[in-house]
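Student: Please give me a close look at one part of this model, the charged side chains and what they connect. Start from a single residue and place it in the rest of the chain afterwards.

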Amino acid sequence: MAKHKILHYKDECISCGACAAICPEFWEMDEDGLSTLKGATKVGENFELEISSDDKAENEEAAEVCPVQIIHVREVSD
């Protein structure tokens with residue numbers, strides 16, 4: 001089964017809350033009003049989280065509704 005990674009460029013968030021509304025299992029708004037990818041690891045200036053294929057569709061929807069396109073879902077090769 002393919003694995004996927006969510007990449008989140010939090011510094012560019014405009015606090016619209018669309019990701020958290022679409023996919024609350026993975027996304028929430030922090031105390032500063034910015035989107036947060038639950039359980040993500042900070043890598044450089046960005047955040048990453050590996051997910052299963054089962055969680056891909058709802059996170060792709062969160063990426064699609066983001067008005068500033070700071071969420072990306074990519075396939076990870078083994």
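Tutor: Start with K5, which has a relative accessible area of 25% and is therefore partly exposed, the range for that class beginning at 20%. The model is a predicted one, and the values below are computed from it.

The side chain of K5 forms a salt bridge with that of E48, with an N to O distance of 3.2 Å. E48 belongs to strand β5 and K5 to strand β1, so this pair ties together parts of the chain that are 43 residues apart in sequence. The relative accessible area of E48 is 24%, which makes E48 partly exposed.

A salt bridge between E50 and K3 joins these strands too, here with 3.7 Å from N to O. E50 sits in strand β5, residues 46-52, and K3 in strand β1, residues 3-8, so the contact ties together parts 47 residues apart in sequence. E50 is partly exposed at 45% relative accessible area, and K3 is partly exposed as well, at 39%. As a general point, side chains of opposite charge can pair when their charged atoms come close.

The next pair lies in loops. K10 and D30 form a salt bridge in which the closest N and O atoms are 2.8 Å apart. K10 is in the loop between β1 and α1 (18-22), while D30 is in the loop between β2 (27-29) and β3 (35-37); the two residues are 20 apart and link distant parts of the chain. K10 counts as buried because its relative accessible area, 14%, is under the 20% limit. D30 also falls in the buried class, with 18% relative accessibility. The total for the chain is 4 salt bridges, and the pairs described here are among them.

K10 has a further partner in F47. K10 lies over the face of the F47 ring, at 5.8 Å from the ring centre. Pairs between aromatic rings, by contrast, number 0 in this model.

F47 leads on to the nonpolar residues, since F47 is one of the residues touched by I6. Leaving aside residues up to four places away in sequence, I6 also touches E48, the partner of K5, along with others that include W27, L37, L49, I51 and I71. I6 is one of the residues that touch the most other members of the largest nonpolar core, a set of 16; the others named for this are F26, W27, L37 and I71. At least two residues of this core come from each of α1, β5, α2 and β6 (71-76).

I71 also connects to helix α2. A63, found in that helix (residues 56-65), touches I71 and Q69 when residues up to four places away in sequence are not counted. A63 is buried, as its 9% relative accessibility is under the 20% cut-off. Between the C-alpha atoms of A63 and G17, 46 residues apart along the chain, the separation is 12 Å.

Q69 deserves a note on its backbone. Its phi is near 50°, a positive value in a residue other than glycine. Q69 is placed in the loop between α2 and β6 and is partly exposed, at 42% relative accessibility. S15 likewise has a positive phi without being glycine, near 65°. S15 lies in the loop between β1 and α1, which is also the loop that holds K10. With 35% relative accessibility, S15 is partly exposed.

Now the whole chain. The chain has 2 helices and 6 strands, running β-α-β-β-β-β-α-β from the N terminus. Among contacts between residues at least 6 apart in sequence, 64% join residues at least 24 apart; the E48 and K5 salt bridge, 43 residues apart, is a link over such a separation. Buried residues make up 35% of the 78 in the chain. The C-alpha trace spans about 35 × 25 × 20 Å along its principal axes. A compact globule of 78 residues would have a radius of gyration near 12 Å, and the 12 Å of this chain agrees with that.

Terms used:
Residues numbered from 1 in each chain as written. Predicted model: local features only at pLDDT ≥ 70, side-chain atom pairs only at ≥ 80, totals over all residues. Heavy atoms only, no water. Helix = DSSP H or I, 4+ residues; strand = E, 2+ residues; numbered from the N terminus. Buried < 20%, exposed > 50% of the residue type's maximum accessible area, 1.4 Å probe, protein only. Contact = heavy atoms within 4.5 Å. Phe/Tyr/Trp six-rings, centres within 6.5 Å; stacked < 30°, edge-to-face > 60°. Lys NZ or Arg CZ within 6 Å of the ring centre and 35° of its normal. Core = buried A, V, L, I, M, F, W, Y, C linked by side-chain atoms within 4.5 Å. Rg over C-alpha atoms; globule rule 2.2 N^0.38 Å.
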